[in-house]
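Reader: I've got the model open, and I'd like to know what stands behind the labels people put on it. Can you take me through them?
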Amino acid sequence: MCIMNDFLYSIITLIFCTTVYYFSWQQSTKGNWAMAVFLLMLGGFVLRLYTASDFFLHSWDERYHALTAKNLIQHPLTPTLYDKPMLPFDYRNWTSNHIWVHKQPLPLWSIAASMWLFGIHEIALRLPSILLTTIGIYLSFFIGNYFFHKKIAYLTAFLFSINGLIIELTAGRVATDHIDIFFLFFIELAIVFSILFAQQQKTTYTVLAGISMGAAILSKWLPALIVVPIWLLIVLDSGKCTRKDVIVQLIILLTTCLLVFLPWQFYIYKAFPLEANWEAKFNFKHIFEVLSEQTGPIYYFIDKIRINYGELIYLPLAWFIWNIVKKPNDKKQWAILIWILVPMIFFSIAKTKMQGYILFIAPALFLVNADFFYMLVDVRREHKFKWLLNLLLFLLIALPVRYMIERVKPFTHNNRNPAWAVDLRKLNDKKISKGVLFNYSKPIEAMFYTNLMAYQEIPNKQTITELINEGYEVILHDDGKLPKEIKEISGIRFERLHND
């Protein structure tokens, strides 16, 4: 019955989104750009909400972000994973430690605020990412209109709206999830404010660009500095600033950025020196060591963009680079190319590789794709092989759409409310205020859905007895393999819980 309901939900969602996108395209052909982009945002929002309606925590990395954000509701300046650890832990192990500074705090604070407002559940967890990537559709249109024109801007926004990887990350389904979504958003926002400064010469926009860049660093660290050369090229291209003005505004940009992100770094080094120092070294290791078996060849990201942005992406990229060779003084094109190439080169050299690491170049790739699309539209009018050009035009849209469907999975009969999550919610209904769960394979999830501390292992008899004497309700998941000496301890509560 649940599967049938989900299938019906999928069909309704697809029909609604297809209709909305059709009317959006109609509005664009009439030049009604505001309505066209609004409808893109509406369709994109529904796609994101549908995909995010998995009523369980995803394994990597969402469950850790969710639990830490939940704990931040109670103490915003003390990020914890195991909020009140009862067994010994290694502060260097970010999957089971106490103080959790493994990621920068801004996305976690935002998720915590959402759950404080709307309750501790999966939709509230994902709502900030849903909203940010929906706004990102408009930001993509704005950026595209600056670099090119409204038709290219509209197609850029459409590609952002339906991109499968962005939607998957928004829903927490794949690794790096909400962290990379926040990073993408603030990079785009910083570039929007850079454009506004170039157009209007108001220092307020430089300050806002600096705040956005600082927010990006507070989301996912120093790759946010890619904004600086992009800002510089946009400002120089405007031709409205003297050299002195550019230097002054650049100082304002960087100073504002530092004022946003540095206080948290000073704070954690003072408040949690062991964890902060370890995580700084751990982050640096990503460049020179393979961590968590996440690696690939030097061409890893070159290969991934084919999967994430359409197999034909290499044609628009090659054509775009060729255009820069022909027009080497075009600062706008250089800004786009730097946005793409610098991150790709840096992360290709780094030993640890994951597809989400270069998510923030996605808008630039959509721009290049859209520009190439309309070049083909213009060439087609006088080309004798119109069928070939029509095929290319079709594939430039169809391949990203196909990838979106593969990622959203509307026709896959997955259980979106698994038994283990139902069990944990029921356990939470029993209102245990001081308890601990042992012998459970999903301890992070258990701590999110309940107020229990939870561990995979079973401690020794003495530890369990001490916890009971201290007033803790000790719960053991009974998997049928519990040691006899443990089962004989008086005061233990046994529960049979699903694990998968």
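Reader: Let's start with helix 10. How do you know that its reach fits the expected span?
Author: Helix 10 runs over residues 227-238, twelve residues in total, and goes 17 Å from its first C-alpha to its last. The expected span is 1.5 Å times one less than the number of residues, which here gives 16 Å, and the helix comes close to that. By "helix" I mean a DSSP run of H or I with at least four residues; a strand is a run of E with at least two, and both are numbered from the N terminus.

Reader: And what am I actually looking at here?
Author: A predicted model: local features need pLDDT of at least 70, side-chain atom pairs count only at pLDDT 80 or more, and totals for chains, interfaces and linings use all residues. Residues are numbered from 1 along each chain as its sequence is written, and side-chain values use heavy atoms, with hydrogens and water left out.

Reader: Which residues of helix 10 are buried, and what do they pack against?
Author: V227, V228, I230, W231, L233, I234 and V235 are the buried ones. Buried means under 20% relative accessible area, exposed means over 50%, and partly exposed is in between (1.4 Å probe, protein chains only). Those buried residues pack against helix 5, helix 8, helix 9, helix 11 and helix 15. Right after helix 10 comes G239, with a positive phi near 70°.

Reader: Why is S212 called buried?
Author: S212 has a relative accessibility of 3%, which is under the limit for buried, so the label holds. S212 lies in helix 9 and is in contact with F186, L189, A190 and F193, leaving aside neighbours within four places in sequence. Contact means heavy atoms within 4.5 Å.

Reader: Then why does I123 get "partly exposed"?
Author: Its relative accessible area is 22%, so I123 falls in between the two limits. I123 is found in helix 5 (residues 122-147) and touches L49, A52, S53 and F55, not counting residues up to four places away in sequence.

Reader: What makes you say that helix 14 has its buried residues on one side?
Author: The buried ones are P316, L317, W319, F320, N323 and I324. They cover an arc of only 165° around the axis, which puts them on the same side of helix 14; the arc is that of the directions from the helix axis to the C-beta atoms. In general, an α-helix has 3.6 residues a turn, so residues three or four places apart point the same way. On the other side, W322, V325 and K326 are exposed. The buried residues pack against helix 13, helix 15, helix 16 and helix 17.

Reader: What makes something a pocket and not a cavity?
Author: On a 1 Å grid over the protein atoms alone, a cavity is a set of points where a 1.4 Å probe fits but cannot get out, while a pocket is an open set with protein on both sides within 12 Å along at least five of seven lines. Lining residues have an atom within 4 Å of a point. Points are joined across faces, edges and corners, and a volume is the space filled by probe spheres set on them. The largest pocket has a volume of about 1,000 Å³. Of its 38 lining residues, H102, K220, W221, N283 and H286 are closest to the centre. Helix 12 gives the largest share of that lining, eight residues.

Reader: And the largest cavity: how is its lining divided by class?
Author: That cavity has a volume of about 40 Å³, and its lining residues are L72, P79, W100, V101, K103, P105, L108 and W264. They divide into seven nonpolar, no polar and one charged. Ala, Val, Leu, Ile, Met, Phe, Trp, Tyr, Cys and Pro count as nonpolar, Asp, Glu, Lys and Arg as charged, and the others, Gly among them, as polar, so K103 is the charged one.

Reader: Where does the backbone do something unusual?
Author: As background, most residues other than glycine have a negative phi, and most peptide bonds are trans. The bond from W60 to D61 is cis, with omega near -10°, and D61 lies in the loop between helix 2 and helix 3. K409 isn't a glycine, yet has a positive phi of about 60°. N439, in the loop between strand 1 and helix 19, also has a positive phi, near 65°.

Reader: Why do K409 and N439 get their accessibility labels?
Author: K409, at 29% relative accessibility, counts as partly exposed, whereas N439, at 14%, counts as buried.
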